[in-house]
2 protein chains.
Amino acid sequence: MAATRQNITIKDIARRAKVSKSTVSRVLNGTTAVAEEKKTAVLQAVADLNYQPNVMARGLAAGQSLTVGVLTQNISSPYNDAVLLGVLQGLRGSDYSPIFADGSWILEQEEQAIQTLVARQVDGLIVFGGETPDETICDLARQVPLVVAGRNIAKLPNQCVYVNNFAGAYQATQYLLELGHERVVHLTGKLSHVDAQERLRGYRQAMIDHGLSLDEELVVEGNFQEQSGVLAVETLLLRGRPFTAIFAGSDQMAYGVRLALYRRGIRVPAEVSIVGFDDLGSSAYTTPPLTTVRQPAVKIGQTAAEALVAMLKNEPYIIPVFQTELIVRESAMRYR
Amino acid sequence: MAATRQNITIKDIARRAKVSKSTVSRVLNGTTAVAEEKKTAVLQAVADLNYQPNVMARGLAAGQSLTVGVLTQNISSPYNDAVLLGVLQGLRGSDYSPIFADGSWILEQEEQAIQTLVARQVDGLIVFGGETPDETICDLARQVPLVVAGRNIAKLPNQCVYVNNFAGAYQATQYLLELGHERVVHLTGKLSHVDAQERLRGYRQAMIDHGLSLDEELVVEGNFQEQSGVLAVETLLLRGRPFTAIFAGSDQMAYGVRLALYRRGIRVPAEVSIVGFDDLGSSAYTTPPLTTVRQPAVKIGQTAAEALVAMLKNEPYIIPVFQTELIVRESAMRYR
DNA sequence: CTGTTAGCGCATTCAT
DNA sequence: ATGAATGCGCTAACAG
């Protein structure tokens, strides 16, 4: 098994180009200047034999693997996957390949994943949001070059790629307010998550700036998933506090909210307006299409990858804070 | 940079355990029997020094990388991602780690991706559906051990993991028929895709078995994406052929269908019933929740990974054909 | 059963 | 500028 492809080595092309292995290595890596003549000879041989350097051998010798580890928490959650796509794109063109490990939210499994990655001598790490404690990630950051995608950890300046959650939430809330809503609910993500905290802060600030008093009965904590959206509506209805709009901290929760409202026979947006956060691909196709705060997910992933590569090359790189964009669709309308 | 972690080598633990490097290697790989005494000594040393074998060195020496390449076509499409999750799970526990490369549907980029993977000496490949021509995949299969996930290629027996699309489609159509519908539309996926063909076949067979004549005006070709769902409805309305139910070849298309119907003021399921295919996570949260044919996506990915690993170890492995399951929710109801 | 000897393919000192 | 030699960390014959 295991085939015999990848048989031609640096030695073969050395012989063919009538130079030493060292010289071949040199032109391939541009380490030192080589006579133009020999250089072309080598390049020619490489082309002729369709030579592919053996990444492992190179890694062994050079002490680096040219791989970056990608630590996901729950691959196959829509937002994360969009970011992931960006990572793949950002890595393309670089010499690095991504190797994956999924923690599945399970602490033990996550440590296992990290172990695997480290054992493989990944040169750097891209860590995906999730529930991993900030501390754990900081510890990791001390051991290996690392960038965090889709999440903001204060103690890791210029190593996190994320959006301005505060501004996005502010914008969403303000939009609802300007539509005439006053009793605006905010369904938060897991509040142990900084992003959720920031969005909550944005919501509150907008309410205050609009001269509204904060009613904590209008805030419900969810966990970013659909189910928590339906639960939230039930909670709200139970509380009996009237409301005319709901700003959900994630599109997935907005889906759940919409369904729960439907079950209760409450029309959207006629009776209650909904605004989400993320702008997942399918949010443009819900009924009604969801008004939401767009995060440039792909761009985030891409930036994370590029930042990490730059870091590995000791090149300077400033990670920008991305801004969100309000995508107006039909799930929210003027009140009254 | 690049840290100095991973400094302890096999030699260190050899010294500490007072044995030769070979012996260490032996107990680590279970290649040959070693004296119980020395074995425990080695294990002890390994534990003491927290030794992690260098995967690259091991790969170089043994001629295998212990990595498998995962070729995706459009990561971040919901169904594929679910399968992907399965792959990760299936690989966990094995000694193999996944390296990703995304073809993005672009032929050139796809070849590039394959190049990358091969250059990294992946021991095997898991290829994701997508539009890659069967031929291309077959060629690949000759060069490297490979398994296809979520797609059926006839010329690669026991190397494809997929569901019984025919049966699933049949089941869905039959369900609609039993509900009293007679003018049942089928919105197909890309018909260049075997899975789409099979589903179409299942639809037709069910219609026939129910004593209905096939009306090709009731079949519309889509491309698995939401947008084609809305287009399809427009097409249908234009054709003027009455219909009371739509069986979409993917949940995503079903979303599009539902939206288009909503736009036209056609109620679901009161006036038109909808059934999808896939059972994406969010399909339980649409309004109304989508009746659909569930594919065990995660299981499919997992099986693909396990099959590949078995293949690489020259162990026998029979890939089962998975069956679908009709998930009855609210988007379809009795006609009349 | 176990130590010794060779490489795996490449990068990198060294001399030259 | 370039060839020869050395070693990265590990596995795999090879003898004992």
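1. A loop residue to begin with. Trp105(B) sits in the loop that joins β2 to α6 in chain B. Its phi is positive, about 70 degrees, although Trp105(B) is not a glycine. Trp105(B) counts as exposed because 12 C-beta neighbours lie inside 10 Å, and the cut-off for exposed is 12 or fewer. Bear in mind here and below that the model is predicted.

2. A second residue with positive phi. Asp279(A) is not a glycine either, yet has a positive phi of about 60 degrees. The loop between β9 and β10 of chain A holds Asp279(A). Is Asp279(A) buried or exposed? Asp279(A) is buried, because 24 other C-beta atoms lie within 10 Å and the cut-off for buried is 20 or more.

3. Cis peptide bonds in chain A. The bond that runs from Val268(A) to Pro269(A) is cis, and its omega is near 5 degrees. Pro269(A) belongs to the loop between α11 (251-263) and β9 (273-278) of chain A. Another cis bond leads from Thr287(A) to Pro288(A), with omega near -10 degrees. Pro288(A) is placed in the loop between β9 and β10 (291-294) of chain A, and Asp279(A) is found in the loop between β9 and β10 as well.

4. Overall form of chain A. Chain A contains twelve helices and eleven strands. Its radius of gyration is 26 Å, whereas a compact globule of 336 residues would have one near 20 Å. Along the principal axes, the C-alpha atoms of chain A fill a box of roughly 85 × 40 × 35 Å. Of the 336 residues in this chain, 52% count as buried. Among contacts in chain A with a separation of 6 or more, 70% are between residues 24 or more positions apart.

5. Nonpolar cores. Which residues have the most contacts inside the largest nonpolar core? They are Ile126(A) and Ile126(B), and this core has 89 residues. With neighbours within four places in sequence left aside, Ile126(A) is in contact with Val68(A), Val70(A), Val87(A), Val147(A), Ala149(A), Ala304(A), Ala305(A) and Leu308(A). Another core, of 43 residues, lies apart from the largest one; Leu176(A), Val233(A), Leu236(A) and Leu259(A) are among its members.

6. The interface of the two chains. In chain B, 51 residues are in contact with 48 residues of chain A. On the chain B side, the elements that give two or more residues are α4 (55-62), α5 (78-91), β2 (97-102), α6 (107-119) and α11 (251-263). The largest share comes from α5(B), with six residues. By type, this side of chain B has 26 nonpolar, 18 polar and seven charged residues.

7. How the copies are related. A turn of 180 degrees, with a shift of 0.1 Å along the axis, lays chain B on chain A with an RMSD of 0.2 Å. This is therefore the relation of a two-fold axis. In chain B, Ile99(B) has the C-alpha nearest the axis, at 2.3 Å. Both copies use the same surface, as 94% of the contact residues of chain B recur in chain A.

8. DNA strand C. This strand is surrounded by 28 residues, and the closest are Thr9(A), Ile10(A), Ala57(A), Val34(B) and Ala35(B). In chain A, α2 (21-29) and α4 (55-62) each supply at least two residues of the surface near strand C, and so do α2 (21-29) and α4 of chain B. Which element gives the most to the surface near DNA strand C? α2(A) does, with six residues. The residues of this surface comprise 13 nonpolar, ten polar and five charged.

9. DNA strand D. Around this strand there are 27 residues; Ala35(A), Thr9(B), Ile10(B), Ser25(B) and Ala61(B) come nearest. At least two residues of the surface near strand D come from each of α2 and α4 of chain A and α2 and α4 of chain B. This surface divides into 13 nonpolar, ten polar and four charged residues.

10. A last loop residue. Ala33(B) has its place in the loop between α2 and α3 (36-49) of chain B. Ala33(B) counts as exposed because 9 C-beta neighbours lie inside 10 Å. Thr23(B) is ten residues from Ala33(B) in sequence, and their C-alpha atoms are 9.5 Å apart.

Note on methods: Residues numbered from 1 in each chain as written. Chains lettered and ligands numbered in written order. Predicted model: local features only at pLDDT ≥ 70, side-chain atom pairs only at ≥ 80, totals over all residues. Contact = placed C-beta atoms within 7 Å. Helix = DSSP H or I, 4+ residues; strand = E, 2+ residues; numbered from the N terminus. Nonpolar A, V, L, I, M, F, W, Y, C, P; charged D, E, K, R; others polar. Least-squares fit on C-alpha atoms with pLDDT ≥ 70 in both. Near = placed C-beta within 6 Å. Rg over C-alpha atoms; globule rule 2.2 N^0.38 Å. Core = buried A, V, L, I, M, F, W, Y, C linked by C-beta atoms within 7 Å.
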